[in-house]
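User: Could you take a close look at one part of this model for me, the loop with the unusual backbone? I'd also like to know how the rest of the chain compares, so please connect it to its surroundings in one go.

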Amino acid sequence: MQASTVIFSARKIITMNRSRPEATHVAVRDGRILAVGSRDEVSGWGPATWDDSFADKVLMPGFVEGHAHLLEGSMWEHIYVGYFDRRDPSGKVWPGLQSIDAVVARLAAAQAQLNDPQRPLIGWGFDPIFFGDEPRMTTQDLDRVSRERPVVVLHMSNHLLNVNRATLAAVGMGSHTAIEGVPKDESGEPTGELQEFAAMFPVFQLLSEKAGFSLGENKDTAWNFAHIARRVGITTSTDLANPLSESGVAHLRAATDDPAFPIRLLPAFAPMLFKGEEGPAHLKAVCTHNTDKLRFGLVKLVLDGSIQGFTARLRWPHYYQNPGNTGSSGNGLWLLPPSQLASQLASYHSEGFQVHMHTNGDEASEVAIDAVSQVLALHPRQGHRHTLQHAQMVNGAQLARMAELGLCANFFSNHIYYWGDAHYAKTMGPERAQRMNPAASALRCGVPFGMHSDAPVTPLGPLFTAWCATNRLTLSGRVLGESERISVADALHAITLGTAWTLKMDHEIGSIECGKFADFAVLEDDPLVVAPERLKDVRVWGTVLGGRVMPAHQA
């Protein structure tokens, strides 16, 4: 018996397929695209149900989020203390906080509602770089919230956090602590700011034991994340750092196996707890769980930290204004020592896996490019598509080498808006800030690229990300690097087929053409017609995943 066919009509279909850029109808069978074209062109495949629900809408390929974290689905269980207004999953807008005193006040109000005195209080979204010359947060600030209860404030970048003295005591940190990333005050005591994973790990263990905090491995977190993604038109997303524990994988299977689960999910293996051959073997075993909606096989290696947190690794002349908290070198921290990168990369490369490397600073990108060159010389492999994630400071010479080596980039274009002013004035300086997230240069050099939000660092919203790359406007309204602006068409390509390429899924998603999954973003407005400055305001009606219609506001 032939499977049923549904033909959707639309005001316009933007296909991202160069051989047929636009259409008005798309036929779907078995969750895949059967045909795209005019009414007459798609009607020759036998009996079909005609669906005119989208007759006044614009269809695009479902948006692809190439760097986000399931943590976005669980952070709202805690207290938002960020600088910017932000909407939670229920639709409530939480006003941004413009001072440390305001952060302390919101946390104090929240802690007054907690009954268990031992349960940690967690805030998130904080970033001191927005507070001008105000001193950085210390234990004394958070002691004003509570002297007995552990209080933890995660930075917006997730590369730093602040704690009170009760937290330091609970994890055994003090003047004797010699971990890099634990700044000390003049008396030799920790200031309460902890930088990067080695310093933060004991606190994460405490939060896991006392507050059930996780990095997004449970079933509910995946559902929460997916609902947020659906509302902004995303049909495929990564979780770009996941330990892939046995229980975590089981939770992900349980969530994604549900036909109503609204996105395809690609968790990337973060092999921090695995050495040598154990990591590749573990990932091979996990890949046996692959389905159409849950795909394993990506690897995430983290080289450096956060530029705005002054923990990223920058080439000479390093940071424009050094605040004195950039580690013992005065130039950020290595999270994976350069001497170990090539061997780790080779262990996954030689097994056929695709590796995504977090490189915010240009020194980290240089080290990654060198490592890929070294590994390819020993283990030649076409079509590896290893990807530099963020790659915010790569220059023209580095992009040229990336093109030669077959490397991809995934730019953090949202940074231009959120931190562009800070990068111009404090971290990179004017010249280097002008080229940050250089999408136009990548196009000129032939480097395939996508763009991302790094949620929960910045909110999920591919159209906003495309707006950032097209307009390059900072929070203050400065145009930062006019020559690196790209067209709306190129930006839309980056959040669909471009990101799909960086995930090695361009044969299945990213464009509306025969044989691919019937995954669509359903829009109220035409992004190719609205003014470029209005791109972020294009309204999302919902999505279609594998032919299943999913309105944005569906419960």
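Analyst: Happy to! To place a loop we need element names, and here helices (H or I, at least four residues) and strands (E, at least two) are DSSP runs, numbered from the N terminus. With that, your loop is the one between β16 (298-302) and α9 (338-349), where P317 is found. Please keep in mind that this is a predicted model, and that the angles below are computed from it.

Let's begin with the proline. The peptide bond from W316 to P317 is cis, and its omega is near 10 degrees. The loop between β16 and α9 also holds F310, which has a positive phi of about 60 degrees although it is not a glycine. As a general background, most residues other than glycine have a negative phi, and most peptide bonds are trans. Is F310 buried or exposed? F310 has a relative accessible area of 4%, so it counts as buried, the cut-off being under 20%.

Both kinds of feature turn up again elsewhere in the chain. A second cis peptide bond to look at joins A455 and P456, with omega about 10 degrees. P456 sits in the loop between β20 (449-451) and α15 (462-471). For the phi angle, the counterpart is N437, which is not a glycine but has a positive phi of about 50 degrees. N437 belongs to the loop between α13 (430-434) and α14 (439-445), and its relative accessibility of 1% makes it buried. A glycine with positive phi can be seen too: G546, near 55 degrees, in the hairpin of β22 and β23, which has two residues between the strands.

That hairpin deserves a short detour. Strand β22 (residues 540-545) is mostly covered, with five of its six residues buried. On one hand β22 pairs with β21 (residues 520-523) in the antiparallel sense over four bridges, and A521 has T543 as its bridge partner there. On the other, β22 pairs with β23 (residues 548-551), again antiparallel and over four bridges, with V549 as the bridge partner of V544.

Next, the empty space. By the rule used here, there is one cavity of 30 Å³ or more, and the largest cavity has a volume of about 50 Å³. Which residues line the largest cavity? They are D127, P128, I129, R136, H155, M156, S157, L160, S306, Q308 and G309. By class, this lining divides into four nonpolar, five polar and two charged residues.

The lining residue L160 takes us to a sheet, since strand β12 covers residues 160-163. Three bridges join β12 to β13, and the two run antiparallel; L161 stands opposite L194 in β13. The open sheet has five strands in the order β7-β10-β11-β12-β13, with mixed pairing. At its edges stand β7 (79-80) and β13 (193-195), each with a single partner strand, so one side of each is left without a neighbour in the sheet.

For open space, look at the second largest pocket, with a volume of about 970 Å³. Of the 34 residues that line this pocket, R87, V232, P459, L460 and G461 are the closest to its centre. The elements giving two or more residues to the lining are β8 (86-87), α6 (219-231), α12 (414-427) and α15. Recall that α15 is also the helix that follows the P456 loop. The pocket lining has 18 nonpolar, six polar and 10 charged residues.

Finally, the whole chain. It has 16 helices and 23 strands, and buried residues make up 59% of its 555 residues. The C-alpha trace spans about 80 × 55 × 50 Å along its principal axes. A compact globule with 555 residues would have a radius of gyration near 24 Å, and the 23 Å of the protein chain agrees with that. Back at your loop, the two things to click on are the cis bond from W316 to P317 and the positive phi of F310.

Terms used: Residues numbered from 1 in each chain as written. Predicted model: local features only at pLDDT ≥ 70, side-chain atom pairs only at ≥ 80, totals over all residues. Heavy atoms only, no water. 1 Å grid on protein atoms, 1.4 Å probe; cavity = no way out; pocket = protein on both sides within 12 Å on 5 of 7 lines; lining within 4 Å. Points joined across faces, edges and corners; volume = space filled by probe spheres on them. Nonpolar A, V, L, I, M, F, W, Y, C, P; charged D, E, K, R; others polar. Buried < 20%, exposed > 50% of the residue type's maximum accessible area, 1.4 Å probe, protein only. Pairing = 2+ DSSP bridges. Rg over C-alpha atoms; globule rule 2.2 N^0.38 Å.
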